[in-house]
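Got the model open in your viewer? Here is a short tour, stop by stop, with what to select and what to look for.

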Amino acid sequence: MLNKMLKDAVTIAIGGHIRPDGDCVGSCIGLYQYIKDNYKDKKADVYLEEIPDSFHFLKPADVIRHEIPADVTYDLFICLDCGDKGRLGFSAPLFDRAKRTFCIDHHISNKGFASDSYVVPDASSTCELVYQLLDEEKISPQTAEALYLGIVHDTGVFQYSCAEPSTFRMAAKLLEKGIDGPRIIQETFYEKTYAQNQILGRALLESILFMDKKCIATYITKKTMDFYGVVPKDLEGIVSQLRLTKGVEVAIFMYELEKNVYKVSLRSKENVDVCKVAGYFGGGGHKRAAGLTMAGTCYDVINNLSGQIEAQLDEV
Ligand code: 5GP
Ligand code: MN
């Protein structure tokens with residue numbers, strides 16, 4: 001399916017979701033490099049917001065564009081790891097103008113907004129889906145590195161239940177391309193800057209348990225972010241650490257986008273479908289990991305979310 005679409009197009013734009021994470025960057029860069037390696041007569045461009053510093057070891061990341069050209073129409077726009085059009089951000093006009101659009105994604109909330117879609121909600125990552133659509137033999141080490149990055153991040157280093165035997169088999173195939181797997185895990189997933197660790201510490205220190213200790217929540221204001229000199233992409237991992245709290249079912253992490261507007265991350269262990277909770281307030285994601293943006297004070301946010309979480313816990 002992908003092969004045919006690539007053959008039919010001369011110009012191809014690749015885009016992912018706002019505040020791109022490992023899976024989004026890995027799938028975009030992996031596919032871009034694959035096209036460069038195997039379709040030399042095609043023109044491919046990648047459009048993404050600023051990516052975390054630790055992902056810059058991926059050499060093709062240097063070509064990422066952060067602005068769209070005026071009046072350019074691509075033959076094909078490939079949208080990766082993005083559950084709805086609104087999440088495409090600044091590249092949405094290119095999507096709208098493209099002659100054909102194709103979305104590869106694993107968000108359960110994806111309603112199929114592109115002209116063609118390959119959406120598998122149970123897949124570990126978009127990178128795993130991209131891998132399935134590529135010809136294994138034609139994957140270069142550079143493509144393999146990028147796809148490996150995405151799998152590592154979306155499975156929490158092969159830890160979450162979405163990591164199926166097929167995910168491990170695919171990871172093995174990518175490692176056989178000669179990539180440095182341990183380095184990717186260490187330097188992009190575990191390693192944190194001093195400031196990132198400080199803000200993690202601060203978030204944990206100020207976290208509160210509620211709803212019979214089944215929920216944990218914490219928030220970071222803009223002022224605190226400025227004090228530590230961190231930006232949103234430095235806050236990755238805080239919500240996962242909160243979820244590790246013994247006895248907790250749901251973890252809520254939020255940071256201030258602007259006064260009384262919060263970006264919220266939700267994680268659950270077993271019983272709560274946080275995609276449903278996020279979906280109720282216009283967000284989305286996966287059963288065990290979802291997100292949304294909500295207006296109000298941080299207490300309003302917690303109160304609103306609590307109602308939806310409690311309703312699900314009551315059903316258990
Ligand atoms: P995170 O909490 O790490 O930002 O996101 C967790 C998951 O939820 C990711 O798969 C992400 O794509 C999705 N997600 C996060 N925020 C939003 C949102 O505002 N809307 C939708 N539809 N999905 C989101
Ligand atoms: Mn993903």
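## First stop: a loop with two positive phi angles

Start by selecting Met211, which sits in the loop between strand S6 (208-210) and strand S7 (215-220). Helices and strands here are DSSP runs numbered from the N terminus, helices being H or I with at least four residues and strands E with at least two. Before going further, some ground rules: this is a predicted model, local features need pLDDT of at least 70, side-chain atom pairs count only at pLDDT 80 or more, and totals for chains, interfaces and linings use all residues. Residues are numbered from 1 along each chain as its sequence is written, chains are lettered from A and ligands numbered from 1 in the order in which they are written, and side-chain values use heavy atoms, with hydrogens and water left out.

Check the backbone of Met211: its phi is near 55°, a positive value in a residue other than glycine. Now pick Lys213, also in the loop between S6 and S7. Lys213 has a positive phi too, near 65°, and is not a glycine either. Which of these counts as buried, and which as exposed? Met211 is buried, with a relative accessible area of 16%, while Lys213 is exposed at 57%. (Buried means under 20% relative accessible area, exposed over 50%, and partly exposed in between, with a 1.4 Å probe and protein chains only.)

## Second stop: the manganese ion

Select ligand 2, the manganese ion, and show its protein donors: Asp23 (OD), Asp81 (OD), His106 (NE2) and Asp154 (OD), lying 2.2 to 2.3 Å from it. Donors are N, O and S atoms within 2.8 Å of the metal (3.2 Å for Na, K and Ca); water is not among the atoms, so sites may look incomplete. Along the chain the donors follow the spacing D-x57-D-x24-H-x47-D. His106 is in the loop between S4 and S5 and Asp154 is in helix H5, so this pair ties together parts that are 48 residues apart in sequence. Both turn out to be buried: His106 has a relative accessible area of 2%, and Asp154 has 16%.

Keep Asp81 on screen and add His17, found in the loop between strand S1 (11-16) and helix H2 (22-38). The side chains of His17 and Asp81 are joined by a polar contact of 3.1 Å, and the His17 side chain makes another polar contact, of 3.3 Å, with the side chain of Asp21. (A polar contact is a pair of N or O atoms within 3.5 Å; within protein, one must be able to donate a hydrogen and the other to accept it, and residues adjacent in sequence count only if both atoms are side-chain atoms.) With a relative accessibility of 5%, His17 counts as buried. Leaving aside neighbours within four places in sequence, His17 is in contact (heavy atoms within 4.5 Å) with Cys24, Leu80, Asp81, Cys82 and Arg87.

## Third stop: ligand 1

Arg87 leads on to ligand 1, where a polar side-chain atom of Arg87 lies 2.8 Å from an oxygen atom of the ligand. Add Ser265, with a polar side-chain atom 2.6 Å from a ligand oxygen, and Lys263, with one 3.1 Å from a ligand nitrogen. The protein covers 85% of the 490 Å² of accessible area that ligand 1 has on its own; accessible areas come from the Shrake-Rupley method with a 1.4 Å probe, and for residues only the protein chains shown count as cover.

How many residues surround ligand 1? Show the shell and you get 14, the closest being Asp84, Arg87, His107, Ser265 and Arg267. (Near means that a heavy atom of the residue lies within 4 Å.) Strands S9 (261-268), S10 (284-285) and S11 (289-295) each supply at least two shell residues, and S11 gives the largest share, four.

## Last stops: Phe113 and Leu305

Go to Phe113, in the loop between S4 and S5. Phe113 is partly exposed, with a relative accessible area of 23%. Its C-alpha atom is 6.7 Å from that of Asp84, 29 residues away along the chain.

Finish with Leu305 in helix H12 (residues 298-315). Leu305 is buried, with a relative accessible area of 0%. Not counting residues up to four places away in sequence, Leu305 touches Ile252, Val264, Leu266, Val277, Phe281, Leu292 and Met294.
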